[in-house]
Amino acid sequence: MSAGTEETKLVNIGVVGYGYWGPNLVRNFSELQQARVHTVADLNPKVLEIVARRFPATKTTTDFQEMIRDPEIDAVAIATPVNTHFSLAMAALKAGKHVWLEKPMAETSLQARALVEEAEKRGLILHVDHTFIYTGTVRKMKELIDAGDLGKILYYDSIRVNLGLFQRDVNVISDLGVHDFSILDYLFDEHPVAVSAAGINHFPGTPENLAYITLFYESGLIAHANVSWLAPVKVRQILIGGANKMITYDDLEPSEKLKIYDKGVSFTDDPKQIHEMRVGYRTGDMWAPKVDGAEALRVEGEHFVDCIVNGTKPITDGRLGLRVVEVIEAATSSMRGRGETVHLPRQGKSV
């Protein structure tokens with residue numbers, strides 16, 4: 001590493017953008033044992049004055065190029081509007097810096113693929129900040145699914161709505177649907193083969209503010225997400241139905257965010273029961289498992305630094321980010337085609 005002793009392996013991080021999400025990155029990186037925030041870059045000098053007061057040991061600059069030219073900086077975290085992601089991330093990679101990139105990682109899958117290829121060519125870490133994947137609740141869901149507790153997964157149903165915040169440069173699918181796309185990619189070992197979406201822009205000159213998205217999988221899994229900036233209340237709920245058990249996840253619950261229901265449906269085509277109802281219902285207990293309550297961004301930051309120190313692949317690497325951008329593109333295309341089905345390439349997680 002460029003700073004610190006070999007024993008501590010201190011990672012120097014530069015943060016670009018101190019707007020909505022940047023302060024959270026700076027705070028979390030500053031509190032990590034194996035990292036320090038070396039420099040914060042932002043075009044607004046008044047914002048940098050706030051950084052200087054809160055973090056007097058951190059350098060500030062309005063010049064991104066100055067940051068990436070600094071040989072002391074090992075990694076660059078980019079928290080700027082999505083239309084700047086590609087140019088900033090590519091410049092950082094070409095300067096030999098590891099990159100933390102906010103989601104979605106790029107405007108197009110073409111840009112995202114170019115970033116993935118550049119990082120792999122240079123042997124650099126490209127990490128995409130899909131924060132929900134690092135929550136204790138989503139990690140517990142993954143554990144339950146992988147263990148087979150739910151049985152065959154039948155459906156994923158999500159509602160992610162609130163009043164605002166309207167975005168200028170991305171539609172509601174890129175802003176809110178992106179969370180479900182990344183969670184689905186993490187939870188299930190398959191990529192959707194088709195997507196259909198319906199949505200609308202109620203205010204001329206602004207991106208679509210409401211959408212209903214359906215993803216189809218080769219295994220028979222179907223996933224649905226309702227995303228909106230026009231709801232009177234904030235709702236963050238997910239239902240996952242398995243053949244054996246079912247999960248509910250309410251992110252706004254102060255405790256017991258995750259609940260597992262021992263409920264299901266059984267079906268028989270036994271000719272002896274032809275005159276009886278073929279569908280049976282099973283109702284058992286409900287329980288709320290204990291989940292890790294650590295701040296997701298802190299867990300993610302530690303993971304990013306560990307990947308740099310040990311040269312390991314992030315859970316939310318550039319290829320996961322690319323797959324998410326592909327789904328955003330397909331869903332947006334379907335929405336603008338009034339719900340027409342858009343097919344995605346049949347591929348494994350490694351593609």
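A polar contact is a pair of N or O atoms within 3.5 Å; within protein, one atom must be able to donate a hydrogen and the other to accept it, and residues adjacent in sequence count only if both atoms are side-chain atoms. The model is predicted: local features need pLDDT of at least 70, side-chain atom pairs count only at pLDDT 80 or more, and totals for chains, interfaces and linings use all residues. Residues are numbered from 1 along each chain as its sequence is written, and side-chain values use heavy atoms, with hydrogens and water left out.

**Exercise 1. Describe the surroundings of Glu 295.**

Step 1. Glu 295 sits in the loop between strand S14 (279-287) and H8; helices (H or I, at least four residues) and strands (E, at least two) are DSSP runs, numbered from the N terminus.

Step 2. With a relative accessible area of 36%, Glu 295 is partly exposed (buried is under 20%, exposed over 50%, partly exposed in between; 1.4 Å probe, protein chains only).

Step 3. Apart from neighbours within four places in sequence, Glu 295 contacts Arg 27 and Asn 28 (contact: heavy atoms within 4.5 Å). The side chains of Glu 295 and Asn 28 form a polar contact of 3.4 Å.

**Exercise 2. Is Asp 317 buried or exposed, and what does it touch?**

Step 1. Locate Asp 317: the loop between helix H8 (296-310) and helix H9 (318-336).

Step 2. Asp 317 is buried, because its relative accessible area is 10%.

Step 3. Not counting residues up to four places away in sequence, Asp 317 touches Leu 126 and Val 128. A polar atom of the Asp 317 side chain also lies 3.0 Å from the backbone nitrogen of Leu 320.

**Exercise 3. Classify the packing of H5 and of H7 against H9.**

Step 1. Helix H5 (residues 109-122) packs on H9 at about 170 degrees, the axes being 9 Å apart. Axes are lines fitted to C-alpha atoms, for helices over the stretch in contact, and angles run from 0 to 180 degrees between N-to-C directions. H5 is therefore roughly antiparallel to H9 (under 35 degrees is roughly parallel, over 145 roughly antiparallel, 65 to 115 roughly perpendicular, the rest oblique).

Step 2. Residues in this contact include Arg 113 and Glu 120 of H5 and Arg 319 and Glu 326 of H9.

Step 3. Helix H7 (residues 172-187) packs on H9 at about 130 degrees, with the axes 9 Å apart. H7 is therefore oblique to H9.

Step 4. Among the residues that meet are Val 178 and Phe 181 in H7 and Val 324 and Ile 328 in H9.
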